[in-house]
2 protein chains.
Amino acid sequence: MHEQETCLAVRDVLHRVGDKWSVLVVSMLSERPLRFSELRRSIEGISQRMLTLTLRNLERDGLVMRTVTPTVPPRVDYELTALGRTLLDPVLALAAWAAGHRVEIAHARARFDRKDRDEQTD
Amino acid sequence: MHEQETCLAVRDVLHRVGDKWSVLVVSMLSERPLRFSELRRSIEGISQRMLTLTLRNLERDGLVMRTVTPTVPPRVDYELTALGRTLLDPVLALAAWAAGHRVEIAHARARFDRKDRDEQTD
DNA sequence: CCGTATCCGATCCGATACTG
DNA sequence: CAGTATCGGATCGGATACGG
């Protein structure tokens, strides 16, 4: 597991998964293909720029397929590839872990920050 | 799954998991508790600063426990908490996915970049 | 409708130097 | 040995404006 090449590949994927919007986009596309504007509307707070960049990166990694219909106005659909769908399982497992432990984590943070402040006031 | 609070908690955890060293540190601690200097030596390329920050964040989230033995020179041990150990399963699943698909991803990237370049040269 | 370009602040992370 | 402080480059991501 800790050989150079594999380790870098793992870090790479974790880094993509850790960025602000990727997982949210993938999870939106997990139900059905969506147009650019549908994604934009369904993801609260994402900017046009970041949606474009996120989709481009996912497409580059082979996780998302982009289909242009050259009508006027243009129409662009995005959907998960087979590879993209295989990512769903492990990512959702991690998301479930996060959801299941968020209260515990919040408490740990509160404890830590409180102790931190108390040590300042010595 | 997409209610505000849960969604932010998930993003938060993914962001931690996506940072450069956290998962590596957790995976090192999964075998046995380690001293600061042991971690430093066993993780190729990490700086003292980043090891400290990474451990501090993991401790704050309740994933790692820090134990100081006030000898001279001081000795500080780190180990996974019960919560930290529960994180291992989903993270290793994701790492396994990354390891298992790294070739496929590399090919997707090569294809994408090639196509990209070709379209520039029109 | 979809995408690109530019600017700009925020954050990440490495290098280095210094303390108990 | 373990940790902190400071600096500077690289990258991230939001706002805005513009183009096909």
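Start with chains A and B of this predicted model. Select the contact residues: 46 in chain B touch 46 in chain A. The area buried between the two chains is about 4,300 Å². Carbon and sulfur atoms give 68% of that area.

Next, show charged side chains across this interface. Eight salt bridges link chain B and chain A. For one of them, zoom in on A:Asp61 and B:Arg109, where N and O are 2.6 Å apart. Then turn on polar contacts: 13 residue pairs across the interface qualify.

Now color chain B by element. Helix 1 (4-17), helix 2 (22-29), helix 4 (48-60) and helix 5 (82-120) each give two or more residues to the side that touches chain A. Helix 5 of chain B has the largest share, 20 residues. By class, this side of chain B holds 25 nonpolar, eight polar and 13 charged residues.

Move to DNA strand D. Select the 19 residues around the strand. The closest are A:Lys20, A:Arg49, B:Ser37, B:Gln48 and B:Arg66. Of the strand D atoms within 4 Å of the protein, sugar and phosphate make up 55%.

Look at the phosphate oxygens of strand D. The side chain of B:Arg66 places an N or O atom 2.5 Å from one. B:Ser37 has a polar side-chain atom 2.6 Å from a phosphate oxygen. For A:Trp21, the corresponding distance is 3.4 Å.

Finish with the elements near strand D. Helix 4 (48-60) of chain A supplies at least two residues, as do helix 3 (36-42), helix 4 and strand 3 (75-80) of chain B. Helix 4 of chain B gives the most, four residues. The surface near strand D has eight nonpolar, five polar and six charged residues.

Methods: Residues are numbered from 1 along each chain as its sequence is written. Chains are lettered from A and ligands numbered from 1 in the order in which they are written. This is a predicted model: local features need pLDDT of at least 70, side-chain atom pairs count only at pLDDT 80 or more; totals for chains, interfaces and linings use all residues. Side-chain values use heavy atoms; hydrogens and water are left out. Contact means heavy atoms within 4.5 Å. Buried area is the accessible area (1.4 Å probe) that two parts lose on being put together, summed over both. A salt bridge is a side-chain nitrogen of Lys or Arg within 4 Å of a carboxyl oxygen of Asp or Glu. A polar contact is a pair of N or O atoms within 3.5 Å; within protein, one must be able to donate a hydrogen and the other to accept it, and residues adjacent in sequence count only if both atoms are side-chain atoms. Ala, Val, Leu, Ile, Met, Phe, Trp, Tyr, Cys and Pro count as nonpolar, Asp, Glu, Lys and Arg as charged, and the others, Gly among them, as polar. A residue is near a molecule or strand if one of its heavy atoms lies within 4 Å of it.
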